[in-house]
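Pull up the coordinates and keep the sequence handy. We'll go from one helix end to the whole chain, then on to some charged pairs.

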Amino acid sequence: MAIKSDISESRTPAHIVKTLRSGVGPVSEEVIEEIQARIPEYARPSDEIYIKVVRMAVEQAIEGFLDRIESPDAPWDPEPFRMIGKGEAAEGRNLEPLQAAMRLGARVGWRRLTEIAGPLGLSPQALCELGEAVFVHLDRLADAAAEGYDEARAHEAGEMERRRARLLDLLLSQPPASPDAIADLAKAAAWRLPRTVACVALDDQYGTCRVPPLPPDVLTGPGRPLPCLLVPDPAGPGQAQLLEHALRGRRAAIGPAVPLVAAATSLRWAGEALELSRRGVLPRGLLRCEDHLATLVVFKDEELVDVLAEVRLAPLAHLRPTQQDRLAETLLAWLRYGRGAGEVAAKLHVHPQTVRYRLRQLEELYGDQLADPDIRFELEIALRARQSTRPGHRDGDR
């Protein structure tokens, strides 16, 4: 900004700027004292390095202002105050203390500069322009500091995100990484090591997996071959509700809670549950592996289950499909819920006499096999697998 004067037609007479510069030292000292006295974040009387940095910032601000009024069209380098903004980010502060310090410094500096400039014969209009220039300069410094601060925070956030991505890779690696390596990277990523974790497999049907808003302690891997989350201490207060809320409306599977070193196992089970959901074996939506353990076990080796089913369900093979369905349903209920016709009838919502008739048919078909506990166990596996693949089935096994 040009400072007009009734002394000269030039922008700012050289002797006026020279006089103002001569008072920079005392003004800087007063500004620093005010800042340290009134803004707690900058009160470090015993930290010589920090005081030196504050002094340099104040002197650069005042010298920069004088440069501007002397040569308004000269290039201006915002880098020193961009670095100050970055320093505030590194200190872990927000910009409020710095902005307060700048405003305080501007008021003190303006007061002292007017005292120095007063005897030089500047008109009231020139003094007003000088004051306006002070606060225009303050805005430029604040903008430069904010730019540096935002850049540093963005870099820090990006670096933290990269560290957490590497940590997730390490936790899910096979064979498991060493505890020391995990602990070191967790510390660098500001991630507290939990006792247990659960992994969540996310469906990525369209190849554009987006992670929902989650607490910062949840590690996210949307770009992994199987997009996933890693949730620390999944049995902790509110964790279940948090996940249900965040994943509402999504197809996802929550793996079992496991020790930290077994995180890959939790993800493997979650991935298998998600695949069974895609095939229609398990329901759509949000699944918890703990609610479907029997089905997951049964489908772990489907070829073997098919062989087992072919052997154990052979006595039903010659019946009509509708007869097979009725008898298979009754036999599974009998194996699961007890051998009383009344209890089985209640589960199937049919008359007890109907159950008794079907059980007699099954005794005729299977004979003494139903008395063998090993065969009953294999029959239940085969029947659960058969039930899981029936149209309209909703798995509820636990």
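Which residue follows α9, and what is the sign of its phi? Gly 280 follows α9, and its phi is positive, near 90°. Keep in mind that this is a predicted model.

Let's back up into the helix itself. α9 covers residues 263–278, and at 1.5 Å a residue its 16 residues should span 22 Å; the end C-alpha atoms sit 23 Å apart, which agrees. Plenty of α9 is buried, including Ala 263, Leu 267, Trp 269, Leu 274 and Ser 277. The helix also carries a salt bridge between Glu 272 and Arg 268, where the closest N and O atoms are 4.0 Å apart. These two are four residues apart within α9, about one turn of the helix. In general, an α-helix has 3.6 residues a turn, so residues three or four places apart point the same way. Both partners are partly exposed: Glu 272 has 22% relative accessibility, and Arg 268 has 39%.

Now zoom out for a moment. The protein chain has 398 residues, 44% of which count as buried, and it contains 15 helices and six strands. Take the contacts between residues at least 6 apart in sequence: 72% of them join residues at least 24 apart. About 21700 Å² of the chain is exposed, with 54% of that supplied by carbon and sulfur atoms.

For a two-faced helix, look at α11, residues 302–312. Here Val 305, Leu 308, Ala 309 and Arg 312 are buried. They span an arc of only 100° around the axis, which puts them on the same side of α11. Glu 303, Asp 306 and Glu 310 are exposed on the other side. And what do the buried residues of α11 pack against? Their partners are α10 (293–298), α14 (352–366) and α15 (373–388).

One of those partners, α14, holds Arg 358. This arginine is buried yet has no salt bridge; Glu 329, the nearest side chain of opposite charge, is 4.2 Å away. A salt bridge needs a nitrogen-to-oxygen distance within 4 Å. Beyond its neighbours within four places in sequence, Arg 358 contacts Arg 326, Leu 327, Glu 329, Thr 330 and Leu 348.

Contrast that with Arg 82, which is found in helix α4, residues 79–90. Arg 82 is buried as well, at 10% relative accessible area, but it does form a salt bridge with Glu 147, the closest N and O atoms being 3.1 Å apart. Glu 147 lies in helix α6 (residues 124–171) and Arg 82 in α4, so the pair ties together parts 65 residues apart in sequence. Glu 147 is partly exposed at 47% relative accessibility. Leaving out residues up to four places away in sequence, Arg 82 also touches Ala 144, Ala 145, Gly 148 and Glu 151.

The structure holds 21 salt bridges, so let's finish with one more. Glu 244 and Arg 288 meet through their side chains in a salt bridge of 3.7 Å, N to O. This pair links distant parts of the chain, with Glu 244 in helix α8 (residues 239–246) and Arg 288 in strand β6 (residues 286–288), 44 residues apart. Both ends are partly exposed: Glu 244 has a relative accessible area of 40%, and Arg 288 has 24%.

How values were computed: Residues are numbered from 1 along each chain as its sequence is written. This is a predicted model: local features need pLDDT of at least 70, side-chain atom pairs count only at pLDDT 80 or more; totals for chains, interfaces and linings use all residues. Side-chain values use heavy atoms; hydrogens and water are left out. The expected span of a helix is 1.5 Å times one less than its number of residues. Buried means under 20% relative accessible area, exposed over 50%, partly exposed in between (1.4 Å probe, protein chains only). The arc is that of the directions from the helix axis to the C-beta atoms. Contact means heavy atoms within 4.5 Å. Lys and Arg count as positive and Asp and Glu as negative; His and the chain ends are not counted. Accessible areas come from the Shrake-Rupley method with a 1.4 Å probe; for residues, only the protein chains shown count as cover.
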